[in-house]
Amino acid sequence: SDSVVIIGAGHAGATLAGLLRQQKWAAPITLIGEESHPPYHRPPLSKKFTDDTMVQLLKPAHFYPDNDIELLLGVRATAVDVAARRVGLDNGEHRDFATLVIATGATPRMVPVPGAEAAGISTLRTISDAQRLGSALDAGVTLAVIGGGYVGMEVAAVARSRGVDVTVIEREDRILARVASAELSRRLTEYHAARGTRVVVNCTVAEFLAADGALTTVVAQDGTSIACDHVLVGVGAVPNVELAQQCGVACDGGVLVDRAGRTNVPGIMAIGDVTRRPHDALDGLYRLESIPSAVEQAKHAAAAICGTDGGVHETPWFWSDQFDLKLKIAGLLEAGTRTIVRAGESPESFGLFHQRLDRTVCAVETANSPKDFMAGKKLISEGVPVDPDLLADAEVPIRDLLR
Ligand code: FAD
């Protein structure tokens, strides 16, 4: 048959199932998810902590039966027999496939230090993680966030808004060191600090201490002690490559795929956070852990399966909400660029444009400035050189700088 079996009912897998039906793919589609909820949006998990706003399903539950998509929830795929084209499930059943799509996402990394199993130390990936964390974060609670990445800084902002005492502990010399420019890191650090969050940099966790089973302290390598009764560890996520490896699929920092999501094994594809992928407009391979990238890969995989054209890749982009800052970021940062600040209508609104020596823009980071974001994304994709003085001049309408 032409059966498509998708392992992982997350954003990438569920989007692919829907797109295949939209493109009139008539053969059986099975979507296997080990979580108990139908596919849902993860971004709200670190941005809201109340059940009604946090749980946002990708599609209404009836979408799957309505579209003849077999959705298996609470079921884990445990083995793949490549020669027999068969996936084994932990409920004792199996499914046969013509095309297998691995969309298993990633698992939050833990810090490998003593005491990390203590109650009160959590990571954040699923609805149940968020429910547990949300119910713990009330005014008066002391929270230490390990890792100043996007998830950590978003949780820090929500917790602080609820009156929680928050300390962010970052190993590098600035928050968001891997994913944001120095200028954005500086601005966000100030923004959080002004709202009462302590941000400690150059600080590596050595140990967690507990008394009577309850967490009390984070101890840093330099001996500093930080009292806390809850810890969120936000130090990145490791791609779930085990099944891919078992199939003989090449992996290196993620499942290696081509521009449409094909692996080196015929009939086996991979999409989403689990992959390391090429991008039409960029050299190299990237693990782009974002919704836009997951959706784009689903679109290209659907096209490859149906034999249609998925179009060209979109400039990578991403968003984050911290307090009342709506951050939108496009492109990828490069070394040796110059940062041009474009002031917005209020102090909480700005655009940071990262310009190469040839005056083209490789990345733009914006806060509360959708116009700068849209224009920046276009400058990046079209490779338009711009005059930095005009870019920095808020009086010059940004659209005048586009071709
Ligand atoms: P996932 O959504 O992780 O789905 C993978 C699924 O596969 C999981 O449900 C997992 O349980 C299941 N699975 C794994 N192995 C098996 C198996 N063997 N059998 C069955 N099922 C299996 N991105 C943005 O662009 N903007 C944001 O603001 C943003 N905020 C985020 C906030 C948080 C707290 C988190 C965790 C992520 C955020 N992201 C954000 C990233 C975004 O959510 C991910 O890029 C996206 O969910 C990736 O989709 P995916 O389908 O590849 O993986």
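# Close-up views of a predicted model

**View 1. Residue R95 and its surroundings.** R95 is found in strand β6, which covers residues 94–96, and the structure shown here is a predicted model. With a relative accessible area of 16%, R95 counts as buried, because that term applies to residues under 20%. When its neighbours within four places in sequence are left aside, R95 is in contact with V5, T30, E70, L72, R85, R86, V87 and L89. Another residue to locate from here is T337, which lies 242 residues from R95 along the chain, and the C-alpha atoms of the two are separated by 50 Å.

**View 2. The pairing of strands β24 and β25.** Strand β24, made of residues 338–343, and strand β25, made of residues 350–355, pair in the antiparallel sense, and six bridges make up this pairing. One residue to look for is R342, whose bridge partner in β25 is G351. Between the two strands runs a hairpin, which joins β24 to β25 through six residues. In a regular strand, side chains alternate between the two faces of the sheet.

**View 3. The second largest pocket.** The second largest pocket has a volume of about 340 Å³. Its lining is formed by 17 residues, of which R342, E345, K371, D372 and I398 are the closest to the centre of the pocket. Two elements, β24 and α9 (370–382), give two or more residues to this lining, and the largest share, four residues, comes from α9. By residue type, the lining of the second largest pocket divides into eight nonpolar, four polar and five charged residues. R342 thus appears in two of these views, as the bridge partner of G351 and among the residues closest to the centre of the second largest pocket.

**View 4. Helix α6 and the elements around it.** Helix α6 runs over residues 182–194, and its 13 residues, at 1.5 Å a residue, should span 18 Å, which agrees with the 18 Å that separates its end C-alpha atoms. Within α6, the buried residues are E183, L184, S185, L188, Y191 and H192. An α-helix has 3.6 residues a turn, so residues three or four places apart point the same way. The buried residues of α6 pack against α5 (150–161) and against the strands β22 (317–322), β23 (325–331), β24, β25 and β26 (361–367), so that the paired strands β24 and β25 of the second view can be found again here. After α6 comes G196, whose phi is positive, near 95 degrees.

Conventions. Residues are numbered from 1 along each chain as its sequence is written. This is a predicted model: local features need pLDDT of at least 70, side-chain atom pairs count only at pLDDT 80 or more; totals for chains, interfaces and linings use all residues. Side-chain values use heavy atoms; hydrogens and water are left out. Two strands pair if DSSP finds at least two bridges between them. On a 1 Å grid over the protein atoms alone, a cavity is a set of points where a 1.4 Å probe fits but cannot get out, and a pocket is an open set with protein on both sides within 12 Å along at least five of seven lines; lining residues have an atom within 4 Å of a point. Grid points are joined across faces, edges and corners, and a volume is the space filled by probe spheres set on the points. Ala, Val, Leu, Ile, Met, Phe, Trp, Tyr, Cys and Pro count as nonpolar, Asp, Glu, Lys and Arg as charged, and the others, Gly among them, as polar. The expected span of a helix is 1.5 Å times one less than its number of residues. Buried means under 20% relative accessible area, exposed over 50%, partly exposed in between (1.4 Å probe, protein chains only). Contact means heavy atoms within 4.5 Å.
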